[in-house]
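Work through the exercises below with the sequence and the 3D view side by side, and try each task before reading its solution.

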Amino acid sequence: WTTPKIEGYIHGDYKTVNKDDYMLYNTAHRSLDKTIDALGRKRVEENVELLKSLQRRNEERCASQVTMPCPKPEGVEWEEHKRLAEESCYFQDFGCGHACTDLLLADHAEKEWATIYN
């Protein structure tokens, strides 16, 4: 639900002001479709499902092992929390949980290679 004034802006000035963004989006969308067609839609869909599965497994297995910089949990000294967060993240709050994710992906890769070579 929007007001008539907002509707007028969305269908008028908004599209004009953001025309370059729409052009970029549409170009990227067409390019992605061509890439998917070149790779094969079935192959891409299978790999998207694999990615989703790995993301779910990562969330289940690794979420409890991540120490984010903020907020500091109750009952934990600030220096200890800071140390754990620095170990858990690449930089500030980027890549937190990477060690667990790396292990999960290595385990997946090992199983994949085992099916190829056995």
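The exercises that follow concern a predicted model, and each one is solved step by step.

**Exercise 1. Describe the overall build of the protein: which secondary structure elements does it have, and is it compact or spread out?**

Step 1. Count the elements: the secondary structure comes to five helices and zero strands, and read from the N terminus the order is α-α-α-α-α.

Step 2. Compare the radius of gyration with the globule rule: the protein has a value of 22 Å, whereas the rule gives 13 Å for 118 residues, so the protein is more spread out than a compact globule.

Step 3. Add the dimensions and the burial, noting that the C-alpha trace spans about 55 × 50 × 25 Å along its principal axes, and that buried residues make up 14% of the 118 residues.

Step 4. Turn to the surface, where the protein exposes about 10000 Å², with carbon and sulfur atoms supplying 58% of it.

**Exercise 2. Find the disulfides of the protein and work out how the bonded cysteines are paired.**

Step 1. Search the whole structure for cysteine sulfur atoms within 2.5 Å of each other; this search finds two disulfides.

Step 2. Take the pair of cysteine 62 and cysteine 100, whose sulfur atoms are 2.0 Å apart. The angle about their S-S bond is -75°, and the link is left-handed. Since cysteine 62 lies in helix H3 (residues 41-62) and cysteine 100 in helix H5 (residues 98-117), the pair ties together parts that are 38 residues apart in sequence.

Step 3. Take the pair of cysteine 89 and cysteine 96, where the sulfur atoms are 1.9 Å apart. The torsion about the S-S bond of this pair is about 100°, so the disulfide is right-handed.

Step 4. Check the burial of each pair: cysteine 62 and cysteine 100 are both buried, and both cysteine 89 and cysteine 96 are buried as well.

Step 5. Number the bonded cysteines in sequence order, which gives the pairing 1-4, 2-3. Cysteine 70 is in no disulfide, and the nearest cysteine sulfur, that of cysteine 89, is 10 Å away. With a relative accessible area of 60%, cysteine 70 is exposed.

**Exercise 3. Determine which residues of H5 are buried and what covers them.**

Step 1. Establish the length of the helix: H5 has 20 residues and reaches 28 Å from its first C-alpha to its last, close to the 28 Å expected at 1.5 Å a residue.

Step 2. List the buried residues of H5, which are His98, Cys100, Leu104 and His108. They cover an arc of only 165° around the axis, which puts them on the same side of H5.

Step 3. Recall the geometry that helps in reading such a list: an α-helix has 3.6 residues a turn, so residues three or four places apart point the same way.

Step 4. Look at the face turned away from the buried side of H5, where the exposed residues Leu103, Glu110, Ile116 and Tyr117 are carried.

Step 5. Identify the cover, which for the buried residues of H5 includes H3 and helix H4 (78-88).

**Exercise 4. Place serine 31: in which helix does it lie, and is it buried, partly exposed or exposed?**

Step 1. Locate serine 31 in helix H2 (residues 19-39).

Step 2. Classify serine 31 by its relative accessibility of 41%, at which it counts as partly exposed.

Step 3. Relate serine 31 to glutamate 59, which is 28 residues away along the chain; their C-alpha atoms are separated by 31 Å.

Terms used: Residues are numbered from 1 along each chain as its sequence is written. This is a predicted model: local features need pLDDT of at least 70, side-chain atom pairs count only at pLDDT 80 or more; totals for chains, interfaces and linings use all residues. Side-chain values use heavy atoms; hydrogens and water are left out. Helices (H or I, at least four residues) and strands (E, at least two) are DSSP runs, numbered from the N terminus. Buried means under 20% relative accessible area, exposed over 50%, partly exposed in between (1.4 Å probe, protein chains only). The expected span of a helix is 1.5 Å times one less than its number of residues. The arc is that of the directions from the helix axis to the C-beta atoms. Contact means heavy atoms within 4.5 Å. The radius of gyration is taken over C-alpha atoms; the globule rule is 2.2 Å times the number of residues to the power 0.38. Accessible areas come from the Shrake-Rupley method with a 1.4 Å probe; for residues, only the protein chains shown count as cover.
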